[in-house]
Amino acid sequence: MPGILIFAEQRNGKLKNALMELLGEGTRLARALGEELSVLVVGSRLEELAGLISGVDRIYLADDQRLEQYSSEAYSRILANLIQKLMPSLLLFGASAMSRDLGPKIAARTGTPYSPDCTSIELDPQKKINVIRPVYAGKLNAQLDLGGVRPKILTLRPHVFAPFQGESSKKPKIEKIEVPSDIFDLRVKLKEIVATVESKVDLTEAQIIVSGGRGLKGPENFKLIEELAEVLGAAVGASRAAVDAGWKPHSYQVGLTGKTVSPLVYIACGISGAIQHQAGMSSAKTIVAINKDSQAPIFKIADYGIVGDLFEIVPLLTQEFKKLKEGS
Amino acid sequence: MNILVCLKQVPSSESKIKVGKDPTGIDTSDLTYVVNPYDEYGVEEAIRIKERLGSVDITVLSVGPATAAETLRVALAMGVDRAVLLYDPLFSNSDSLGIARIIAAYVHMTPFDLIFFGKQAIDDDMGAVGIMVAELLRLPHGAVVNRLEISPDQKSMIAHRQIEGADEILEILLPAVITCQKGLNEPRYPSLPGIMKAKSKPLAEINHEGLKLDPKTVGLSAALVKIVKLFPPKTRTTGKIIEGPPAEAVKELVQHLSEATGLAGA
């Protein structure tokens, strides 16, 4: 029974938002292929989490106290074992630090094709799978042939695929997977997890991002960006110039040597939009640019732009959104 | 301690990238090539470890083409001891797993205590080869590492690895594979004496026979992932520049955004 298997990433007992997009795309592909759709959750005390997942045929739980924190060695063994048992046609992940770590490891272990950060998965009339993913930092797209080997391991770029909508009367069957003890003979031990980002919303998962660049003139002025982000429930980003100047740590950096983001809305404040910055954010659905230089390259890719002083415009924008929020 | 650093030669990040006549590849005329920036962090880290510990031998490696030798010379000039180019026409169009098999075959012959890769190459953006090599060799790995400390007994290391909104601090037993992220260090420029010295350092070339590698496991025919075609993404067109006094422009922008995106719960 080949099927589609979704890896539902959880950290600290919380499922990632990306799961809804995986369920949406997984449902669409499962219908087109006439296959079952299953979800795997790995972690500790998962009963409650499993109850939050609907619209699938089966939920596999690898539930063990020793799996509470992510471990590439233990998690990859669980996945490889389950793949061997099920031989699914597709294994879907959300693109994340975890899947970028697990995907290649499982692919090498099981000799299966791996394609990270996909932006499109289509079936041709023979039900062959065509995958598209950006390469050269988004300067080109590559269409890939993943051959006939099963499963194809794909990670899906956030905010690109339509989330699962809908009612589902289907009650998933829950199956507990046996967790063998020998997978905990670890050569990599997690000592500690240290938060590096002060803002509440993470860049790579954020629906809205407000980013600041050189135009902010100093670290203290990032509070303008943070105030706007707070009102919008957005994440805060920074350009390379702002990071290199030491105004924000590297974990905030959007662009070629920072993070690639794909939010619904990206608001660039005082960012000129060098090609390396564009590489990290040009797949945002809507781009807004605020810059006093009308010739800044960011305006060439922005959906909406205001040429003007960000020190005047950003606070006005914060006020206006505040009003809108209070009014609604 | 023996350290291996794996390098890829890539078009510089400023390059204009166009689809080639053969649409499975890019147009390589007028391209400037550089060491993949994330791989440079690996070279620098290896040299710093040698500077701290003394008895360390550093090898850099690249999997063809022949022009990748230029990239290896850069690393030799930065201060590594020797370079190896794994080149064979049979290797061309290997996928990530094929490249990983080629590198793993070399490490089988010449074991290392520590192997560095960049966290990804800036051309295919796959970020797969380093982790795949680790898995093929059954070595532990730490990916996307921005801080590294080798223990005094040189049997383990502490690696800080970047995840969403946090760093995982890992203790990893050696031998192991590390993939490097920005922040790990600031790579040095090759010095003039370094460039002169590099000329006399060994640069070996090895083909599939030298690696005792079954040619059926690499190259295009073995690839599980094949490029059908490359094509440019839809270009973003210049949108609306909102004119007028700031207060009014902002009002208009907010209206557009809430209509277009449902922003702020409109």
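Q: Why does E9(A) count as buried?
A: The relative accessibility of E9(A) is 7%, and the word buried is used for under 20% relative accessible area, exposed for over 50% and partly exposed for what lies in between, with a 1.4 Å probe and protein chains only; E9(A) therefore belongs to the buried class. This is a predicted model, in which local features need pLDDT of at least 70, side-chain atom pairs count only at pLDDT 80 or more, and totals for chains, interfaces and linings use all residues. Side-chain values use heavy atoms, with hydrogens and water left out, while residues are numbered from 1 along each chain as its sequence is written, and chains are lettered from A and ligands numbered from 1 in the order in which they are written.

Q: What makes the meeting of K16(A) and E9(A) a salt bridge?
A: The rule asks for a side-chain nitrogen of Lys or Arg within 4 Å of a carboxyl oxygen of Asp or Glu, and the N to O distance between K16(A) and E9(A) is 3.8 Å, so the pair qualifies. K16(A) counts as buried, because its relative accessibility is 16%.

Q: How do you know that E135(B) and R109(A) form a salt bridge, and which helices hold them?
A: The closest N and O atoms of E135(B) and R109(A) are 2.6 Å apart. The pair crosses between chains, with E135(B) in helix α4 (residues 129–136) of chain B and R109(A) in helix α4 (residues 97–110) of chain A. Helices are DSSP runs of H or I with at least four residues, strands are runs of E with at least two, and numbering starts from the N terminus.

Q: Is E135(B) buried or exposed?
A: E135(B) has a relative accessible area of 2%, which puts it in the buried class. Its partner R109(A), at 30% relative accessibility, counts as partly exposed.

Q: What makes K191(A) and E171(B) a salt bridge, and where do they lie?
A: Their side chains meet at 3.6 Å from N to O, and this distance satisfies the rule. This pair also crosses between chains, from K191(A) in strand β13 of chain A to E171(B) in strand β9 of chain B. K191(A) counts as exposed because its relative accessibility is 52%, whereas E171(B), with a relative accessible area of 24%, is partly exposed. Shared partners also join salt bridges into one network of E9(A), R11(A), K16(A), D101(A), R161(B), E164(B) and E168(B).

Q: What makes β13 of chain A and β9 of chain B a strand pair?
A: Two strands pair if DSSP finds at least two bridges between them, and 7 bridges join β13 (residues 188–195) of chain A to β9 (residues 166–173) of chain B, so the condition is met, with the strands running antiparallel. One of the bridge partners is A166(B) in β9(B), which stands with A195(A).

Q: How many residues of chain A and chain B are in contact, and how much area is buried between them?
A: Counting as contact any heavy atoms within 4.5 Å, 87 residues of chain A touch 75 residues of chain B. The buried area, meaning the accessible area (1.4 Å probe) that two parts lose on being put together, summed over both, is about 7200 Å², of which carbon and sulfur atoms give 60%. In chain A, Y136(A), R187(A) and Y304(A) lose the most area to chain B, together 10% of what that side buries.

Q: How many salt bridges does the rule find across the interface of chain A and chain B?
A: The rule finds 8 across this interface, and 37 over all chains. Another bridge joins D303(A) and R236(B), whose closest N and O atoms are 2.9 Å apart.

Q: What makes E320(A) buried, and which residues is it in contact with?
A: E320(A), found in helix α9 (residues 310–327) of chain A, has a relative accessible area of 16% and is therefore buried. Leaving aside neighbours within four places in sequence, E320(A) is in contact with V250(B), K251(B) and V254(B).

Q: Why is strand β4 of chain B called mostly covered, and what does it pair with?
A: Of the 7 residues of β4 (residues 57–63) of chain B, 6 are buried. Strand β1 (residues 2–7) of chain B is joined to β4(B) by 6 bridges and runs parallel to it, with C6(B) opposite L61(B). A further 5 bridges join β4(B) to strand β5 (residues 82–86) of chain B, also in parallel, and here L61(B) stands opposite V84(B).
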